[in-house]
Amino acid sequence: MKSTSLFLALGLVLFLAAAAPLRADPGLDQARADQERAQSLARDMLTNLLDSNLQQLRENLLTTTPLYQDLKTLRDRMNELANEDMADVVDLLTRSLSATGPERTELVGRAQARMRQILVRLLAEREKLRIRRKHAQLMDMISEVLQKQIDTRDQTQILTARDEQAALDVKGSQKTVNDTYASLSSALQEVSTWSGDLGAAAAAAAHMLSDQKVGPQLSAALDNLVALRFPQAVTAQNQVIASLQKVLAELRKLTAPASERAEALALIRQLLQQQQGLRDRIKPIPLTADVVDAFYKEQAGIQQKIQKLYALVPDSSRTTPLMTRADAAAGAAGQAIFNTDKPTTLDQQDRVIGALAQLEKEIQQQIAQDNKPKSADELAHEAHQLAQAREQVAQALDKEVQAQRTAPRETAQAAKLMTQARATLAQAAKTADIPATVRARIATAAQDAAHAAEHLQAGSQAKPEVKQAQDSARLALGETNDAQAKDNRDAMAVRLGELNRAAEALSRAAAAARMAAGNVQKGPKGTQPAKGLLQQADDVARHIDQGVKEAVPATNAPLAQAIAAGDKAQAQMPQAAQPRGVEARQAAASHSQAMARNLDQAAQAIRQAMVDTAKKLDSTATAEMAQVDQLKNQVDQARQQNDSGKATPPALQQLADQATPQAPDVGAAVRDAAQAAHNPPVTQPAASNPPGHPIEPPAGQNQPTGANAVNQELSRAQTLAEVRHDNLEDYKRLAQEMAAAAQAQMQASDQIAQGRQDLAKQDNQSPQNQAQQQAQDQQKPNPAAQQLAQAMNDFAEAATTLGESVQKATGQSEIANQPIRQGVEAANAIPTPPPQGQEQPQGQGEDQQQAQGQPQQPQGQEQAQGRDQQQQGQGRQQAQGQQGRSPQSGAGMKPEDALGTAMAMAGPQAAQAAMKAMGQGQQPGQAGQQPGQQSGQQPGQQANQGKGGDQVSTGLVRGQTSRQVNAGGQRGGDTAVTDAQPAPQVWSTQFPPAVRQAMRATEKQTPPPGYEERLRQYFESGN
């Protein structure tokens, strides 16, 4: 990989990107030229470097590796930056050339602000590549040492004292292993001071190598080879190999993403296929001399691939024994093939197959566990556990600081304090339910404290060891703080997603209770479907009550009352089913309505809790941003002091100590700057260079020295602080979107309830007033119905937007709170009635019609639409499944059918009136257009301008399908709409973003059967 070229290209883009904002107004033309060069360079880098690297990875079938994913992500971001962000800067600078006065100043200021954003993004991308590159280097170094030691061990096993040349070669190989290991150890020590997962993994690996005494074992192996003690050398080499395999697995476990587990799973399946195939070929034939060599090489190749699993599969008590068993059995099978022992060969191959098959299942379970979402309660619990660990780490750090102050006077007391710190850190590392990387970082701090205590107990002041222990403790404190803060934010965001779905479920349950009340009032035959609806509503209420009881105490009373009212309503059902049970039916209807009111009250209480939670999340992100900004200013001051020659190593170290517990990555970069300040630049006394001036580094050298090195690390620290700020700013923006969506959803819910009541009052008017109202509705839309339609749309968009924002903030798409999930699934099973006036599909019984609040279809009704009506139910399901899942199943963060929920809340009759008013509210066609046709559209199409500015095609009559809507609004089998026919009136609305996107995606596709009918149920009147 051309990683060096990639970094150089990024550096050049950074230089050019930063150049324009630093120029004065007279140089705006040159600044624009610089920006165009930077934009061109970014595009060239995409083509020449990133694209070529991605192509190489694809050709080598490495598309599942983390490197491929990182480069692909970088390419997408750089493409966006070159084509959009940099283009905006060029445009602003171009406009500023012709502008004057305040306008020019404003344009230049906007261009400079935009350039700063681009610079931060580029620096952030470079930092990600730096971490990934170092991770790959460490993995390569460990694998190289391991493989070289295995090869040297294999050579040692066949050595004899008589073969002097071979012995000399093996000694040279072992010395190479020892030298390579020294480089590895040094690299691990360097990276162990980094923050984040990689730093924690490197620190754990370095301590593991020390605990396993790999260095002394390597020296012993070489000494035994020199003394011709080959068996003892093999013993030492085997211990080194075992230790390196454990370290490699540990490093992989702490840093391996899910893609690497998938890579291991693919290799295991390949090995299973190869081993089974080899066994099948050996089983029917004798192992003769002419086939042994080929079979032996193939079996040895399988064993070598099995050994690669040690680098891919994280070490655990469940996976490591399986890999060891498969490795040993593969080796034994190879030996049996060599000895032409067929029964043993087949037996050992069966053992390989069994071990790999079980390992496959273990990896599958690990992948499932990696992808398992967490509930808000689980995240809050983890944050609580992290807070406890954080308190213990802080206590240990205080003791280490005291030990440092005490050591010059009394080393015994300092050793005692350091021992206490070690014990406290060891206890913190045992805290349950904290991330593995945090646990590893705390454990590393405990090991460093123990190392310092040993030196202090020996009578040494141990300044370096004590300082190292403090740095480790500060890193552990910072990592714990980071994890706790993230869990706290994610817990609030996930809570919003859970409450969003819980409130929606309760609204559906309330609608079911109202339908039950309507059904039971129709007579004895309505009691059975009403009872089913009440039972479904009761299931929802009980599940949601269990899921939100602790989070939203305000729901406890109304949900308890709703459940009690539902029980009372169901208790009346046996008597209500009797022909004379009029009073029982009235009581059941009253209790059902009471249940609905209480469920609505609980839903609104949840929505109020959503608003409060979103505001708390906003304030949390704001407070964290303020801390980061303060730290960023301190780093910037240090940079200025470094530029003026006033930055001192003690001052930088103090800033690092202060920053690390708050922002470990920033603190680590400042600590690197302090270390660079301790190493003055090499001076050149020769006449060619003025005395005391630093020597310029050779061409191509990437390691700056002196003030330049300090400035580079401080610039990196500032970039990391700005990235933290931007991430928190994104979280804050999403929190504000969630708060606005929750508030809008609560208001829309109230408006839907009010609209339902207003339309019900109109329906309860006298026949004369009803006729007058209907006549008015024919002339102009009903205001109450229009307001209800808008409220339904607002509700759907708010609920969908909130779910999408939660997914963006947390990366979780599924509800993990099981009671809420069960409540949502129960609510999804409640039937959503079509608007009043839409006929039922044939085949539905009378009871089901009554359960959905519709009158029984009268006998003798005209059946002109029979064929389409039979497919109505199928069309509903097919339309709902356009995005791969039915709205009647699943429990994701984003509601699957928020508009259906809004319609259920409104009720069949009110929803029908709202849709009719929406259609009447369409603007008439412009002059010269056919009725129902907008400018630039084909006849038979109509679009609506959504809130996001998107033109949304309804798609009701597009694509000349076999079933069309004729001019009279009736569906006529195979009747086609000709150019002479006026286009039917099509009604549309402002859909939520997800609905708009789905409709745009399918705009040019032929709709499936029944899709038009589903949309017509929503938007066409019952005429």
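This passage describes the confidence of a predicted model and the packing of two pairs of its helices. Local features are reported at pLDDT of at least 70 and side-chain atom pairs at pLDDT 80 or more, whereas totals for chains, interfaces and linings use all residues. Residues are numbered from 1 along each chain as its sequence is written, and side-chain values use heavy atoms, without hydrogens or water.

The mean pLDDT (the predictor's confidence in each residue, from 0 to 100) is 74 for the protein, with 66% of residues reaching 70 or more. Among the elements (DSSP runs of H or I with at least four residues for helices, and of E with at least two for strands, numbered from the N terminus), helix H18 has the highest mean, 94, and strand E2 the lowest, 31. Residues 920-1012 have pLDDT below 50. Where pLDDT is low, predicted coordinates should not be read in detail.

Helices H17 (residues 527-548) and H20 (residues 582-643) pack at about 30 degrees, with axes 12 Å apart; axes are lines fitted to C-alpha atoms, for helices over the stretch in contact, and angles run from 0 to 180 degrees between N-to-C directions. H17 and H20 are therefore roughly parallel (under 35 degrees; over 145 is roughly antiparallel, 65 to 115 roughly perpendicular, and the rest oblique). The contact (heavy atoms within 4.5 Å) includes Leu534 and Asp538 of H17 and Met595 of H20.

The axes of H25 (residues 783-810) and H30 (residues 898-906) come within 8 Å and cross at roughly 140 degrees; the two helices are therefore oblique to each other. Among the residues that meet are Phe795 in H25 and Met903 in H30.
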